[in-house]
Amino acid sequence: MPPDTLSLTFAALADPTRRAILARLSSGEASATELAEPFHISAPAITKHLKVLERAGLISRSKQAQFRPCKLEPQALQQASDFLEQYRRFWEQSFDWLEDYLQELQTKGSAT
């Protein structure tokens, strides 16, 4: 059974270090060493984070001689965004209903 990519995406996004890595990669490719600089973690730890992101399809890594740049892959983020969009519409509609109800209560309150 293939892994559920949406679950892998949300699991990868659950960690603040991985979210920070993605934020850094949104401005361009970087090596694992460059990505590790702002964190106080070991090289093996950053490698584990990169593997989680890669398994979720959020990044890709290529090999250029000794350099292994990481690149953001936005397709997986788009899938998560599409999933969440359904709920955004639901909440917006719920707030619209609530606003209508509150206006109705205010109108009834001012009429008495």
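Contact here means heavy atoms within 4.5 Å. Keep that in mind for the exercises, and remember that this is a predicted model.

**Exercise 1. Work out which residues of α2 are buried, where they sit around the helix, and what they pack against.**

Start with the list: Thr17, Arg18, Ile21, Leu22 and Leu25 are the buried ones in α2. Next, look down the axis: they cover an arc of only 140 degrees, which puts them on the same side of α2. Now see what that side meets. The buried residues of α2 pack against α1, α3, α4, β1 and β2. Finally, check how the helix begins: a side-chain oxygen of Asp15 comes to within 2.8 Å of the backbone nitrogen of Thr17 at the start of α2.

**Exercise 2. Describe how α2 and α4 cross, and sort the residues of their contact by class.**

Take the geometry to begin with. Helix α2 spans residues 16-25 and helix α4 residues 43-55; their axes come within 10 Å and cross at roughly 75 degrees. Angles of 65 to 115 degrees count as roughly perpendicular, so that is how α2 lies to α4. Then pick out the residues: from α2 you get Thr17, Arg18, Ile21 and Leu22, and across from them in α4 sit Ile46, His49, Leu50, Val52 and Leu53. Sorted by class, the contact of α2 with α4 has six nonpolar residues, two polar and one charged.

**Exercise 3. Do the same for α1: find its buried residues, then its packing with α5.**

Helix α1 covers residues 5-13, and its buried residues are Leu6, Leu8, Thr9 and Ala12. Seen down the axis, these fall within an arc of 160 degrees, so they line one face of α1. The cover over them includes α2, α4 and α5. For the start of the helix, look at Asp4: one of its side-chain oxygens reaches to within 3.3 Å of the backbone nitrogen of Leu6.

Now turn to α5. The axes of α1 and α5 are 10 Å apart, and the packing angle is about 100 degrees. That makes the two helices, α1 and α5, roughly perpendicular. On the α1 side the contact uses Thr5, Leu6, Thr9, Phe10 and Leu13, while α5 supplies Ala76, Leu77, Gln79, Ala80, Phe83 and Leu84. The class count for α1 with α5 is eight nonpolar, three polar and no charged residues.

**Exercise 4. Place Cys70, Ser31 and Gly57, and say how buried or exposed each one is.**

Cys70 goes in strand β2. With a relative accessible area of 0%, Cys70 is buried. Skipping residues up to four places away in sequence, Cys70 touches Leu25, Glu29, Ala30, Leu35, Leu50, Ile59, Ser60 and Arg61. Glu54 is 16 residues from Cys70 in sequence, and their C-alpha atoms are 9.1 Å apart.

Ser31 sits in the loop between α2 and α3. Its relative accessible area is 10%, so Ser31 is buried as well. Leaving out neighbours within four places in sequence, Ser31 is in contact with Phe67 and Arg68.

Gly57 belongs to the loop between α4 and β1. Here the relative accessible area is 30%, so Gly57 counts as partly exposed. Again leaving out neighbours within four places, Gly57 is in contact with Glu73 and Ala76. Gly57 and Leu6 are 51 residues apart in sequence, with 9.8 Å between their C-alpha atoms.

Notes:
Residues are numbered from 1 along each chain as its sequence is written. This is a predicted model: local features need pLDDT of at least 70, side-chain atom pairs count only at pLDDT 80 or more; totals for chains, interfaces and linings use all residues. Side-chain values use heavy atoms; hydrogens and water are left out. Axes are lines fitted to C-alpha atoms, for helices over the stretch in contact, and angles run from 0 to 180 degrees between N-to-C directions. Helices (H or I, at least four residues) and strands (E, at least two) are DSSP runs, numbered from the N terminus. Angles under 35 degrees count as roughly parallel, over 145 as roughly antiparallel, 65 to 115 as roughly perpendicular and the rest as oblique. Ala, Val, Leu, Ile, Met, Phe, Trp, Tyr, Cys and Pro count as nonpolar, Asp, Glu, Lys and Arg as charged, and the others, Gly among them, as polar. Buried means under 20% relative accessible area, exposed over 50%, partly exposed in between (1.4 Å probe, protein chains only). The arc is that of the directions from the helix axis to the C-beta atoms. A polar contact is a pair of N or O atoms within 3.5 Å; within protein, one must be able to donate a hydrogen and the other to accept it, and residues adjacent in sequence count only if both atoms are side-chain atoms.
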